[in-house]
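Me: Please take a close look at one charged residue for me, and then walk me outward from it. I work at the bench, so plain language with the cut-offs spelled out would suit me well.

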Amino acid sequence: LSPPSGRNVYAYSTTTLWKAFPTDPQPCPEFQLYTGKLCPYSRVMDLMKDGKAYRSQKPRNDDRLSEGDSQSLNGTSAQHDQGIYSPNNEAQSTAFFLLVVLLSFSTRLYKIMEPPHVCWDETHFGKMGSYYINRTFFFDVHPPLGKMLIGLAGYMTGYDGTYPFLKPGDKYEHHNYWGMRGFCASLGSCLPPFAYLTVLELSQSPTAALITAAVLAFGEDLLLTNFVHSDAAMLSPMVFRPFSAPWWFWLVLTGVNLSGALGVKFVGLFVILLVGMNTAWDLWSLLGDLRLSLIDFGKHVLSRVFGLILLPLFLYVTIFAVHFVVLNKSGPGDGFFSSAFQSRLIGNNLHNASMPEYLAYGSIITVKNLRIAGGYLHSHWHLYPEGVGAKQQQVTAYLHKDYNNMWLVHRSNDPQSGEPDLVRHGDIIQLEHKETTRNLHSHLHEAPLTKKHFQVTGYGINGTGDPNDLWQVEVCGGRKGDLVKVLRSKVRFLHRATGCVLYSSGKTLPKWGWEQVEITCSPYLKETPNSQWNIEDHINAKLPNISLSVLKPHFLEILLESHIVMIRGNSGLKPKDNEMNSKPWHWPINYQGLRFSGVNETEYRVYLLGNPVIWWLNLVSLGLYVVMVAVASLALRRGVHNLFEYLILTLMCGGLLLLGWLLHYVPFYTMGRILYYHHYFPAMLFSSMLTGKVGLPQTHAPHNAPFILIAHYRLIQDFYMFHPLSYGMRGPLAHDPDSTMAGLKWMDSWEF
């Protein structure tokens with residue numbers, strides 16, 4: 001290296017010598033060149049952090065760290081020089097990067113049009129893309145950015161949004177679908193290059209980065225790329241002078257990617273947590289640097305608050321603002337949201353609608369539960385099955401608008417009265433189901449799922465029944481005689497005979513209940529959204545109408561409501577009868593894949609399964625990393641300084657990646673919702689990067705060349721063996737000797 005004149009060597013690096021000031025107040029007295037005696041690790045870190053350690057042979061006339069600068073970045077102190085900035089290694093890393101880009105895009109875009117029919121989740125994501133093109137409102141359990149971009153890609157490539165996406169296996173025929181598939185594949189193609197750059201920056205080793213990229217590029221999981229698109233980019237550490245233009249660029253880009261990750265799926269919270277922990281550790285280190293003034297420290301804090309909190313939050317909210325502006329027409333998602341929310345959707349019966357202001361006898365109404373996604377009070381001709389309470393007509397909550405949501409309001413003593421007298425707080429009424437003419441009824445039989453509650457049924461015929469059909473109207477916060485306002489009054493229905501209150505439990509009934517929401521009568525009378533209702537539709541020709549436009553909510557209200565609905569929708573995704581439910585322990589060992597398309601010999605079959613060699617190599621690398629850290633730490637503690645370089649390389653690079661893997665994997669053990677194999681893929685990205693780092697702790701290219709060649713040959717060979725799973729195949733199944741997958745079904749749980 002070429003230090004400033006008069007400067008001497010004081011500290012040891014991984015493959016070079018750091019330069020430091022000879023007048024440093026705390027030199028390393030025990031350091032002697034060529035003797036193997038090392039400066040203490042903590043002192044090396046101090047020198048590096050103080051900017052007195054130079055890692056480049058280039059002149060220091062750019063924005064990278066220079067004399068006296070305190071390196072501050074997203075949790076990563078100065079990296080160790082391994083020659084990456086030398087002309088030879090820089091050219092090598094550039095060549096490797098271009099090779100990675102070529103391999104990544106070619107493996108993912110190959111046969112992108114096959115099969116020419118709907119595969120697995122294209123049923124949902126393709127349909128949602130169509131909704132955006134048609135501006136039709138829908139509900140999904142995740143934020144909208146991913147679906148919005150898929151719809152935009154389809155629109156820009158000529159797809160008109162008319163294909164129905166009814167079920168897997170339906171032919172696309174003349175519909176243009178390559179744009180949506182190509183867009184998703186292009187996002188997935190960016191993962192290996194981003195992973196290459198991330199590992200290169202963490203380890204300064206082009207060879208380690210190349211192995212990481214190859215592990216990702218040749219994984220058979222390449223066909224699933226519709227939801228991971230920005231996790232890798234946000235991990236690139238910054239090694240620039242604080243507050244310089246490049247420093248701000250990387251800080252802002254990290255914030256943009258954080259909003260993008262969360263804007264696609266809620267699992268983006270895990271990478272936000274990773275970046276947040278890194279940032280907190282970085283600021284804690286800066287706080288302990290007495291050479292940094294409190295004013296400068298405050299600048300560092302405020303810059304991170306702006307770049308990593310305020311900017312991502314603003315962009316995330318902007319995503320939803322665009323989402324609400326685009327989807328302004330009534331659609332299948334209306335029923336999940338409140339009546340006020342629905343009033344803003346064109347085509348909804350509440351949009352610019354007018355109806356009678358106060359509830360009256362003789363009115364036809366729909367009754368909506370105030371619990372988010374609580375549903376409409378609903379009934380149908382089907383009876384409760386044998387052994388589930390009384391075998392009477394089912395009463396449920398249904399999340400969609402339907403004719404079976406209609407109820408007729410009668411007086412308790414005159415069911416046939418047609419007078420438009422208004423209903424008041426404390427009145428006793430009957431609710432007759434409009435379609436089946438049975439009354440809303442309850443009795444002391446236990447509810448189907450909530451055993452401490454009572455069953456609610458439909459009973460009687462043409463409005464005639466028994467005293468168990470009587471309900472008292474209670475306006476929440478009201479007094480006797482208060483009128484019931486349509487949409488605005490919160491109403492409870494108290495059962496006269498048992499004293500219980502009409503209640504939406506939020507639990508999903510089995511198939512005999514058409515997987516609708518359970519309705520019960522709760523003996524617990526505390527006011528909760530589950531027991532509160534509002535009158536939504538109101539039809540009565542004898543009453544004057546008023547406009548409902550004054551009820552439209554403002555943006556923050558619909559933003560909050562949409563998040564509550566998404567969170568509850570996520571928690572409600574429980575495994576159904578006979579539905580495949582993957583377990584978190586299945587994922588690292590590649591226990592079971594996921595059938596994308598086809599079952600028998602005549603169908604075009606696609607099966608999502610990670611390359612087993614790569615998957616198991618990642619698993620070994622995770623264990624090996626922990627062992628490496630333990631051994632190196634014990635050795636250093638015992639004074640075996642020859643492992644000093646090895647320890648730095650392992651700890652500085654691998655710890656961040658291991659933490660990323662843990663944050664993206666362990667939380668799934670606590671989730672009660674249905675899980676799928678692809679939920680492991682963000683964690684797999686981190687374990688693959690760790691594999692590249694663990695595989696090459698020493699990064700001298702000449703010594704590693706045979707190993708690298710053998711490793712890549714093996715990866716390509718394994719990729720070729722299992723490639724029919726991803727690109728599709730026809731013909732005999734794996735157990736047939738003539739099958740393209742003969743002899744490759746290494747685990748009985750693999751279903752190809």
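Reply: Happy to. Let's begin with R344, which sits in the loop between helix 11 (339–342) and strand 3 (354–356). Helices here are DSSP runs of H or I with at least four residues, strands are runs of E with at least two, and both are numbered from the N terminus. Please keep in mind that this is a predicted model: local features need pLDDT of at least 70, side-chain atom pairs count only at pLDDT 80 or more, and totals for chains, interfaces and linings use all residues. Residues are numbered from 1 along each chain as its sequence is written, and side-chain values use heavy atoms, with hydrogens and water left out.

What makes R344 worth a look? R344 is buried yet has no salt bridge. Buried means under 20% relative accessible area, exposed means over 50%, and partly exposed lies in between (1.4 Å probe, protein chains only). A salt bridge needs a side-chain nitrogen of Lys or Arg within 4 Å of a carboxyl oxygen of Asp or Glu. For R344, the nearest side chain of opposite charge is D334, 8.1 Å away; Lys and Arg count as positive and Asp and Glu as negative, while His and the chain ends are not counted. Leaving out residues up to four places away in sequence, R344 touches F324, L327, N328, H351, K552 and I558, where a contact means heavy atoms within 4.5 Å.

Now for some charged residues that do find partners. Side chains of opposite charge can pair when their charged atoms come close. The structure holds 12 salt bridges. In one of them, D282 meets R304 at 2.9 Å, N to O. That pair links distant parts of the chain, with D282 in helix 9 and R304 in helix 10, 22 residues apart. Like R344, which is buried, D282 and R304 are both buried.

Another salt bridge joins E536 and K401, at 2.6 Å from N to O. This pair also links distant parts of the chain: E536 lies in strand 15 (residues 533–539) and K401 in the loop between strand 6 (393–398) and strand 7 (407–411), 135 residues apart. E536 counts as buried because its relative accessibility is 0%, whereas K401, at 34%, counts as partly exposed. A third example is K391 with E386, where the closest N and O atoms are 3.7 Å apart. Here K391 is exposed, with a relative accessible area of 51%, and E386 is exposed too, at 67% relative accessibility.

Helix 9 (residues 268–287), home of D282, also supplies three residues, the largest share, to a nonpolar patch. The patch covers about 550 Å² of surface and is made by W281, W284, L287 and L294. Patch residues have over 30% relative accessible area and no salt bridge; like charges are joined within 9 Å, and nonpolar side chains (Val, Leu, Ile, Met, Phe, Trp, Tyr) within 5 Å. Areas come from the Shrake-Rupley method with a 1.4 Å probe, and for residues only the protein chains shown count as cover. W284 belongs to helix 9 and is exposed because its relative accessible area is 60%.

Helix 9 is also among the elements covering the buried residues of helix 8, as are helix 4 and helix 10. Helix 8 has 20 residues and reaches 29 Å from its first C-alpha to its last, close to the 28 Å expected at 1.5 Å a residue; the expected span is 1.5 Å times one less than the number of residues. Its buried residues include W247, L251 and T254.

Helix 4 (residues 145–156) makes a good companion: its 12 residues should span 16 Å, and its end C-alpha atoms are 16 Å apart, which agrees. Its buried residues, among them L145, K147 and M148, pack against helix 3 (122–134), helix 5 (178–189), helix 8 (245–264) and helix 10 (294–326). After helix 4 comes G158, whose phi is positive, near 100°.

To step back, the protein has 16 helices and 18 strands, and 56% of its 752 residues count as buried. R344 is one of those buried residues, without a salt bridge.
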